[in-house]
Number of protein chains: 2
Amino acid sequence: MVEEKFIKEVTSVLGEKGILLGSEVTERKAGIWIEEPIKSKVILRPRNTEELSKILIVCNKFKQPIVPHGGLTGLVESAITNEEEVIISSERMINIEEVDVTGRTLTAQAGVKLQTIQEEAESKGMFFPLDLGARGSCTIGGNASTNAGGNRVIRYGMTRELILGLEAVLADGKIISSMNKMLKNNAGYDLKQLFIGSEGTLGIISKVVLRLQEKPLSQNTALLAAESFQQVSELLKHIDSMLGGNLSAFEVMWRDFYLLVTSPPAINKPPIDQKYPYYILVEYSGSDQAKDSEHFNLILEKALEKNLITDAVIAKSESDRRKLWAIRDDVEQQYQYGPIKIFDVSLPINCMEGYIKDVRKKMSEHWKDFHCTVFGHLADCNLHIITAVGGNDPSSISKMEECVYEPLRSFRGSVSAEHGIGLEKKNYLGISRTDEELALMKSLKNNLDPNNILNPGKIFG
Amino acid sequence: MVEEKFIKEVTSVLGEKGILLGSEVTERKAGIWIEEPIKSKVILRPRNTEELSKILIVCNKFKQPIVPHGGLTGLVESAITNEEEVIISSERMINIEEVDVTGRTLTAQAGVKLQTIQEEAESKGMFFPLDLGARGSCTIGGNASTNAGGNRVIRYGMTRELILGLEAVLADGKIISSMNKMLKNNAGYDLKQLFIGSEGTLGIISKVVLRLQEKPLSQNTALLAAESFQQVSELLKHIDSMLGGNLSAFEVMWRDFYLLVTSPPAINKPPIDQKYPYYILVEYSGSDQAKDSEHFNLILEKALEKNLITDAVIAKSESDRRKLWAIRDDVEQQYQYGPIKIFDVSLPINCMEGYIKDVRKKMSEHWKDFHCTVFGHLADCNLHIITAVGGNDPSSISKMEECVYEPLRSFRGSVSAEHGIGLEKKNYLGISRTDEELALMKSLKNNLDPNNILNPGKIFG
């Protein structure tokens, strides 16, 4: 139970505006895609690193478990609370502290929304490459603590690669300020790596220094169709090698997915016939529209000649380009199937075809009628699988999970490509990590947070 | 003292060929740029991870300090031993285990030389972007444990960004096998980050999975001259923004450096007059030589128009290109100055001019005649400074160090951009890292290596 004395001490740090209690908490939803209310009695809202540090000292003293909240857009129950847990929200840590146009960095507090950062970079003539559907709601602190991925990872890397410096507060309130602004810095251990992708279990991220890029000056986008998975994987190499390694997106849709998102009631129409087994959305961001388009078209002509694709539509304008991406992004059509489960896995490309066969085979052993729709960031080894079996009772869910996760074991795949582990996947973590790895993770957790107050029970434990 | 019983136990693991003793050890030099012999009585030479694990169990039992050896090309005394320390060398761990052409990964044991990896990738039509002068001697395990940098970091990142998976052995012999092959994997903590760049103090790297790239298909290289540092930093933005963020190298030489490396006895001749304060070597790796050259030339014309450069020489052939790089790479000319000290620092670009002034001013307070020559990977915020004051006695060295390192403090610069800390820089680490950061580093070290047997005394302690 959250103690009265605790509330008094944190109020003395944050002031009354810094704390939400009772209905102010429970009127909020537990996540932007969740209908249930938050189960917690208190939301603490520090404005800066110093306040965050002071309240963590109090939390640690009271051994009060806390859960960090950003934009609540996560997909793996990383920000879910129980009634005994206190929330620390970054909603008042929303300052962009600096944009260094020469050094090409942006420094921001954890609560700044991804879209705000993208726009701030844009307004200075620069570009921040991280992008995902939740851009308008998710926070950069959340992106960092979950190592968010998205569509441009093949070219720019995960969030981890976009962060130069970081400040985090440990469970005992100590501030670890590693606000590096340089591309190269080998002065001792790279401590920021501890906090990136660890879902708030080792420290709470308060600030980041982001690397900005110069804006791409050309966009070359096409939707392609292929007859076999072999063609798809050869196509990836064909295009990227003719681009000298500069491909920026390679998204693949299996036929089921394409059918669904290009047939009514979906609003997008099929730019290519719906009969092919694979559809590929490729994009190359270059520096000269006329020259790059010419080269891009040549690459696709060669792909046709080499029989790697059977059909192609090239975007001729920004509006064309948006229409092609809208097809790929219309994931919500999956709800036509009724209750669905969205999976996010990764495995080596040359294992994917066998893996999908295995998943479908396992599902067919449990259900006569089921959906198993596949699409994803293929170049990043990342597949999203959407399953629907007519119900979402705990037993159906756990059977679906087993069908999707178990076959990853033999391919050394990952139960989480870009979403993280949270509560949702913790029972399956052992499929992708060894006992020795899990022991080392727990040892780090125990070392940094001996009272287990930081997002306890998430990832493992 | 290394105990007889210890030797017996490790011999039973490695066999007689697996161990070097006495003169077999001391006949070796302590580093490829060091004349002194190795000070140690034993070199252990495991052939694989299992042998490495078994000998670490023995070392840990005997509390025997060990120092990992790769190619001994490090520049910060990270592999220096004393007589009580035992060496573990990767010289028999030299297998490339797999090249996955579809997944674009290469899996290798720690002792494989960087050049061997580059050549293996090349032979499969691929490209491994890490490159540095020591390529023929340094090992991939050493590159990983020091997070090596080099000339292409602006485009491809440090070694950290090129490693997808890694296996390391902890002090107690436990094998942490995180041999991930995917670009995306968020299944729990990214444990490999602990071992990358920690100079063998947290574990010994036994294997890596490297990300391979498609080969660049065009090279566009030029040597440029600028009149002011302001022009240099605007030039970086000008070129990279007209390339849509695809610049691959931006190396800057201050006049002193250029003079030295383009005047006899140096063999390279000056392609541009020696009168300018700054010389910039730029390179853009693209996908179509004819189109890219045309665009590259246009960018340089615009730079002339905008008065960002005053002179330019463009490489017209691979042989031209090599000649330009040979100028930048002829660092050995610095030995003309007599005893020199080579520094490797980083700081934000907009602080560099003031910083170099500060360093020269401080040096002029100590010495009437001195050299302070500057060049470096400017786009990575990385400067190399070569100082010469006529002597290399301990007092001169420590005064030079103070002159170069102390001014970094106010600019939040780093005492090590890409070389690491080792023994050489450990007294200066506090300039770049806070007390809280140092305490956290030590806590990690103590947690992973409680007997302090792994490369003890390096980095800190």
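**Helix pairs and a buried arginine**

Visitor: Is the crossing in which α13(B) passes α14(B) left-handed or right-handed?
Guide: In this predicted model, local features need pLDDT of at least 70, side-chain atom pairs pLDDT 80 or more, while totals for chains, interfaces and linings use all residues. Residues count from 1 along each chain's sequence, with chains lettered from A and ligands numbered from 1 as written. The crossing of α13(B) and α14(B) (left-handed if the near helix is turned anticlockwise from the far one by less than a right angle, right-handed if clockwise) is right-handed.

Visitor: At what angle do helix α13 and helix α14 of chain A pack?
Guide: Helix α13 covers residues 352-366 and helix α14 residues 394-405 of chain A, with axes 8 Å apart. Their packing angle is about 150°.

Visitor: So are α13(A) and α14(A) roughly parallel or antiparallel?
Guide: Under 35 degrees is roughly parallel, over 145 roughly antiparallel. That angle therefore makes α13(A) and α14(A) roughly antiparallel.

Visitor: Which residues of α14(B) meet α13(B)?
Guide: From α13(B) come B:Val359, B:Lys362, B:Met363 and B:His366. Their partners in contact (C-beta atoms, placed from the backbone, within 7 Å) are B:Lys399, B:Cys403 and B:Val404.

Visitor: Does B:Arg211 count as buried or exposed?
Guide: B:Arg211 lies in strand β12 (residues 204-211) of chain B. Leaving out residues up to four places away in sequence, B:Arg211 touches B:Arg104, B:Thr105, B:Leu162 and B:Leu164. Because B:Arg211 has 20 C-beta neighbours inside 10 Å (20 or more is buried, 12 or fewer exposed, in between partly exposed), B:Arg211 counts as buried.

Visitor: What separates the C-alpha atoms of B:Arg211 and B:Ser398?
Guide: B:Arg211 and B:Ser398 are 187 residues apart along the chain. Their C-alpha atoms are separated by 40 Å.

Note on methods:
Axes fitted to C-alpha atoms, helices over the stretch in contact; angles between N-to-C directions. Helix = DSSP H or I, 4+ residues; strand = E, 2+ residues; numbered from the N terminus. Parallel < 35°, antiparallel > 145°, perpendicular 65-115°, else oblique. Contact = placed C-beta atoms within 7 Å.
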